[in-house]
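Visitor: I have a model open and would like to go through it. Can we start with the aromatics?

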Amino acid sequence: GEYRFSFNGPPKEPGFKPRSICVDGLSNILVYDDNSKSIVMIDVDGHYLEIFQVQQNLIQSPRCVSYSIDNHTVFVYSSSNSHVVVSRHINRQEYLGKPTIDPDADK
């Protein structure tokens, strides 16, 4: 491969500690940050997109982040208490554009 970018954590979030990584259905990179107990989303060029929290009371010692393209959900697995947290994070209509309806299509 060819070097593309480095990512040191989201803006204004000190102490980035990546634990697990995966890619979603739109090729965004999802990284679990053990320091903030959140998932950081960056695009394929390494630009920060957003951060979303994982229920901290359910996750202890996360070991794996996974993404299902079938229903656009993110799974975070905790090895210490054997919990899996499921979070839906992609609204396909937002990212792919809403289908347009032509009012004159029936004419």
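Guide: Yes. This is a predicted model. Phe 7 and Phe 16 are both buried.

Visitor: How many aromatic pairs does a search of the whole structure find?

Guide: One aromatic pair turns up in that search. It is formed by Phe 7 and Phe 16, whose ring centres are 5.6 Å apart.

Visitor: Stacked or edge-to-face?

Guide: Edge-to-face, because the planes of the Phe 7 and Phe 16 rings stand at 90 degrees and anything over 60 is put in that class.

Visitor: Back up a bit. Which elements does the chain have, and in what order?

Guide: From the N terminus, the order is β-β-β-β-β-β-β-α. That makes seven strands and one helix.

Visitor: And how much of the chain is buried?

Guide: Of the 107 residues, 35% are buried. The chain exposes about 7,100 Å², and carbon and sulfur atoms supply 48% of that area.

Visitor: What share of the contacts is long-range, say residues at least 24 apart?

Guide: It is 30%, counted among contacts between residues at least 6 apart in sequence.

Visitor: Now the interior. Which residues are in the largest nonpolar core?

Guide: There are 12: Cys 22, Leu 30, Tyr 32, Ile 39, Met 41, Phe 52, Val 54, Val 65, Tyr 67, Val 74, Val 76 and Val 85.

Visitor: Which elements give two or more residues to it?

Guide: Strands β2, β3 (38–42), β5 (62–68) and β6 (73–78) each give two or more residues to this core.

Visitor: I don't see Phe 7 in that list. Where is it?

Guide: Phe 7 belongs to another core, of six residues, which lies apart from the largest one. Its members also include Ile 29, Val 40 and Ile 42.

Visitor: Different topic: Asp 33. Where does it sit?

Guide: Asp 33 is in strand β2, which covers residues 29–33.

Visitor: Buried or exposed?

Guide: Buried: the relative accessible area of Asp 33 is 1%, and the cut-off for buried is under 20%.

Visitor: What does the side chain of Asp 33 make a polar contact with?

Guide: One partner is the side chain of Ser 36, at 2.8 Å. The Asp 33 side chain also reaches the backbone nitrogen of Asn 35, at 3.2 Å.

Visitor: And leaving aside residues up to four places away in sequence, what does Asp 33 touch?

Guide: Asp 33 touches Gly 15, Phe 16, Lys 17, Pro 18, Ser 38 and Val 40. Among these, Phe 16 is part of the aromatic pair, and Val 40 is in the six-residue core.

Notes:
Residues numbered from 1 in each chain as written. Predicted model: local features only at pLDDT ≥ 70, side-chain atom pairs only at ≥ 80, totals over all residues. Heavy atoms only, no water. Helix = DSSP H or I, 4+ residues; strand = E, 2+ residues; numbered from the N terminus. Buried < 20%, exposed > 50% of the residue type's maximum accessible area, 1.4 Å probe, protein only. Contact = heavy atoms within 4.5 Å. Areas by Shrake-Rupley, 256 points an atom, 1.4 Å probe, with all protein chains shown as cover. Polar contact = N/O pair within 3.5 Å; in protein donor to acceptor, adjacent residues only side chain to side chain. Phe/Tyr/Trp six-rings, centres within 6.5 Å; stacked < 30°, edge-to-face > 60°. Core = buried A, V, L, I, M, F, W, Y, C linked by side-chain atoms within 4.5 Å.
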